[in-house]
Amino acid sequence: MSFRDYICVKAKLMKTAILYASTHGTSEKAAQLLSDKIGNCDLINLRKIKKVDLNDYSKLIIGGSIHMGKMQQRVRSFIEKYQAEIIDKKFALFMCCMDEKQEENQLKSAFPADLQAKAVMVTGIGGEFLFDKMNFLERAMVKKISGSNESVHRLYMDKIEALADAMKQ
Ligand SMILES: Cc1cc2nc3c(=O)[nH]c(=O)nc-3n(C[C@H](O)[C@H](O)[C@H](O)COP(=O)(O)O)c2cc1C
């Protein structure tokens with residue numbers, strides 16, 4: 001094998017996949033920020049792609065947002081299907097949410113406990129209320145919960161940074 005081939009194979013094996021599902025784009029934004037910080041990442045939107053070959057990756061970051069108390073369905077079903085493969089790799093889990101009082105409980109139930117126990121990091125990274133992206137019903141619901149119809153941007157950059165650092169090692 002030439003040195004060039006060796007570098008190509010090594011780069012492929014070192015690759016990180018960031019797999020996410022997002023309703024209004026906040027988890028997608030977080031995935032992009034993580035990718036920028038880590039480098040050599042593939043961003044995989046689980047709402048668009050149904051089949052993934054995890055053999056192409058040595059590291060995985062999996063995340064999404066909480067809506068009505070639950071992690072995105074696409075994230076839950078992906079984890080259910082690929083749990084055995086995920087657990088064999090270096091991986092981390094992230095959650096976007098806006099209810100700070102419920103964050104701890106929501107994080108506990110967002111991902112299976114045995115997966116959380118093996119993860120390099122499991123973290124809430126804040127979230128956003130993006131009124132311009134919401135439909136009528138979502139706007140009414142969020143206005144009732146938050147008492148405001150102003151967009152809120154509360155992604156925790158320090159937690160995104162810490163997650164990226166943990167996965168770079
Ligand atoms: C209709 C709706 C329901 C939500 N329900 C919850 C919730 O139950 N708990 C919570 O902490 N945040 C909740 N959120 C806040 C989202 O988790 C937050 O907006 C997140 O940033 C969305 O990320 P996404 O755009 O990637 O889906 C809700 C937001 C909307 C619009």
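In which helix is Lys37 found? In this predicted model, the residue belongs to helix α2. That helix serves below as a route into the rest of the chain.

The overall fold comes first. The chain has 7 helices and 8 strands. Its radius of gyration is 17 Å, close to the 15 Å that the globule rule gives for 169 residues, so the chain is as compact as a globular protein of that length. Along its principal axes, the C-alpha trace spans about 60 × 30 × 30 Å. Of the 169 residues, 29% count as buried. Contacts with a separation of 6 or more were also sorted by distance along the sequence. Residues 24 or more positions apart account for 77% of these contacts.

Helix α2 covers residues 26-38 and has 13 residues. From its first C-alpha to its last, α2 reaches 18 Å, close to the 18 Å expected at 1.5 Å a residue. Its buried residues are Thr26, Ser27, Glu28, Ala30, Ala31 and Leu34. Two other residues of the helix fall in the class between buried and exposed. Lys37 has 15 other C-beta atoms within 10 Å, so it is partly exposed. Gln32, also in α2, is partly exposed with 15 other C-beta atoms within 10 Å. The partners of these two residues lie at unlike places in the sequence. Gln32 and Asp42 are 10 residues apart in sequence, and their C-alpha atoms are 9.6 Å apart in space. Lys37 and Leu163 are 126 residues apart in sequence, with 9.7 Å from C-alpha to C-alpha. Not counting residues up to four places away in sequence, Lys37 touches Glu161 and Ala164.

These partners lead to helix α7, which runs over residues 157-168. Helix α7 has 12 residues and reaches 16 Å from its first C-alpha to its last, close to the 16 Å expected at 1.5 Å a residue. Which of its residues are buried? They are Ile160, Leu163, Ala164 and Met167. These residues cover an arc of only 100 degrees around the axis, which puts them on the same side of α7. A general rule of helix geometry helps here. An α-helix has 3.6 residues a turn, so residues three or four places apart point the same way. On the other side of α7, Asp158 and Asp165 are exposed. The buried residues of α7 pack against α2 and against five strands: β1 (16-21), β3, β5 (90-96), β6 (121-124) and β8 (152-155).

The backbone was examined next. Most residues other than glycine have a negative phi. Just after α2, Gly39 takes a positive phi of about 80 degrees. Asn40 has a positive phi of about 50 degrees although it is not a glycine. Asn40 is found in the loop between α2 and β2 (41-45). With 11 C-beta neighbours inside 10 Å, Asn40 counts as exposed. Met68 is another residue that is not a glycine but has a positive phi, here of about 55 degrees. Met68 is found in the loop between β3 and β4 (70-71). Is Met68 buried or exposed? Met68 is exposed, with 5 other C-beta atoms within 10 Å.

The ligand was considered next. Of the 24 residues around the ligand, Ser27, Ser65, Cys97, Asp99 and Gly127 come nearest. Ser27 is also one of the buried residues of α2. By class, the shell has 9 nonpolar, 12 polar and 3 charged residues. Which elements each supply at least two residues of this shell? Among them are α2 and β3 (59-67). β7 (126-129) and α6 (136-146) also do so.

A last residue, Met134, lies in the loop between β7 and α6. With 18 C-beta neighbours inside 10 Å, Met134 counts as partly exposed. What is Met134 in contact with, leaving aside its neighbours within four places in sequence? The contacts are His24, Arg139 and Val142. Met134 and His24 are 110 residues apart along the chain, yet their C-alpha atoms are separated by 7.3 Å.

Conventions. Residues are numbered from 1 along each chain as its sequence is written. This is a predicted model: local features need pLDDT of at least 70, side-chain atom pairs count only at pLDDT 80 or more; totals for chains, interfaces and linings use all residues. Helices (H or I, at least four residues) and strands (E, at least two) are DSSP runs, numbered from the N terminus. The expected span of a helix is 1.5 Å times one less than its number of residues. A residue is buried if 20 or more other C-beta atoms lie within 10 Å of its own, exposed if 12 or fewer, and partly exposed in between; C-beta atoms are placed from the backbone. A residue is near a molecule or strand if its C-beta atom, placed from the backbone, lies within 6 Å of it. Ala, Val, Leu, Ile, Met, Phe, Trp, Tyr, Cys and Pro count as nonpolar, Asp, Glu, Lys and Arg as charged, and the others, Gly among them, as polar. The radius of gyration is taken over C-alpha atoms; the globule rule is 2.2 Å times the number of residues to the power 0.38. Two residues are in contact if their C-beta atoms, placed from the backbone, lie within 7 Å. The arc is that of the directions from the helix axis to the C-beta atoms.
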